[in-house]
Amino acid sequence: MSVFLQLNLISAAFGFLFFITGLALAHRYIWLDLFGLPDAFSYSLLMLLWLVFQILFFKVAKKRIIVSFWHLFSMVLWFPYVLVWSFLISLVIPDGVLQGQDDFGAGFLLLFVSVFVYPIYTGLTVLFTILQVRGM
């Protein structure tokens, strides 16, 4: 049962990372205007978010993860969690609030990344974590 819970927690974390990055990328002009930051800062902030997530994932996984190759199913299970996060945020933020300067080209980029890049990223991250915990 604990492998099942860990698999879902890992998948939810990867889904949240993809969702929050996609939200920040698609609506970056609104967030930057809100906080008064320059445009080049948005990409640095996204890279910092990825780096912090990687470090936290490895530190938590070394201490808490039950090493099982079942965790590689997070390559697929992150996508339903993206939909759940998207639904929950759409309940909080109504549909018309964030449409001032949306970046619709980022949507095509996110579509490509979600199909071809992100599953490989999640799989490699989990695989390297499993191999590191096992000492291989």
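Is Ser114 buried or exposed? In this predicted model, Ser114 is buried, with a relative accessible area of 15%, because a residue counts as buried when that value is under 20%. The residue is placed in helix α5, which covers residues 105-134. When residues up to four places away in sequence are not counted, Ser114 touches Phe18, Trp78 and Pro119. Two of these contacts, Phe18 and Trp78, are also members of an aromatic cluster, to which the description returns below.

The chain as a whole contains five helices and zero strands, and read along the sequence it follows the pattern α-α-α-α-α. Along its principal axes, the C-alpha trace spans about 50 × 30 × 25 Å. Of the 136 residues in the chain, buried residues make up 33%, while the area that the chain exposes comes to about 8,800 Å², of which carbon and sulfur atoms supply 78%. Among the contacts with a separation of 6 or more, 89% are accounted for by residues that stand 24 or more positions apart.

One of the helix pairings in the chain is that of α1 (residues 2-26) with α3 (residues 40-64), which pack at an angle of about 175° with their axes 10 Å apart. Helix α1 is therefore roughly antiparallel to α3, since angles over 145 degrees are classed in this way. On the α1 side, the contact is formed by Gln6, Ile10, Ala13, Phe14, Leu17, Ile20, Thr21, Ala24 and Leu25, and these meet Tyr43, Leu46, Leu49, Trp50, Phe53, Phe57 and Arg64 in α3. Sorted by class, the contact of α1 with α3 has 13 nonpolar, two polar and one charged residues.

Gln6, which lies in helix α1 and takes part in the contact with α3, is buried, with a relative accessible area of 15%. Leaving aside residues up to four places away in sequence, Gln6 touches Arg64, Ile65, Ile66 and His71. The C-alpha atoms of Gln6 and His71 are separated by 7.8 Å, although the two residues are 65 residues apart along the chain.

Aromatic residues were examined next. A search of the whole structure finds 16 aromatic pairs. In one of them, the rings of Phe14 and Phe57 have their centres 5.3 Å apart and their planes at 50°, so the pair is tilted. This pair links distant parts of the chain, with Phe14 in helix α1 and Phe57 in helix α3, 43 residues apart. Both partners count as buried, Phe14 at 0% relative accessibility and Phe57 at 10%. Phe14 and Phe57 also belong, together with Phe18, Trp50, Phe53, Phe58, Trp78, Phe79, Tyr118 and Tyr121, to one aromatic cluster. Among the members of this cluster, Phe14, Trp50, Phe53 and Phe57 also appear in the contact of α1 with α3.

A further buried residue is His27, which has a relative accessible area of 13% and is placed in the loop between α1 and α2. The C-alpha atoms of His27 and Phe104 are separated by 9.1 Å, and the two residues are 77 residues apart along the chain.

Notes: Residues are numbered from 1 along each chain as its sequence is written. This is a predicted model: local features need pLDDT of at least 70, side-chain atom pairs count only at pLDDT 80 or more; totals for chains, interfaces and linings use all residues. Side-chain values use heavy atoms; hydrogens and water are left out. Axes are lines fitted to C-alpha atoms, for helices over the stretch in contact, and angles run from 0 to 180 degrees between N-to-C directions. Helices (H or I, at least four residues) and strands (E, at least two) are DSSP runs, numbered from the N terminus. Angles under 35 degrees count as roughly parallel, over 145 as roughly antiparallel, 65 to 115 as roughly perpendicular and the rest as oblique. Contact means heavy atoms within 4.5 Å. Ala, Val, Leu, Ile, Met, Phe, Trp, Tyr, Cys and Pro count as nonpolar, Asp, Glu, Lys and Arg as charged, and the others, Gly among them, as polar. Rings of Phe, Tyr and Trp (its six-membered ring) pair if their centres lie within 6.5 Å; planes under 30 degrees apart count as stacked, over 60 as edge-to-face and the rest as tilted. Buried means under 20% relative accessible area, exposed over 50%, partly exposed in between (1.4 Å probe, protein chains only). Accessible areas come from the Shrake-Rupley method with a 1.4 Å probe; for residues, only the protein chains shown count as cover.
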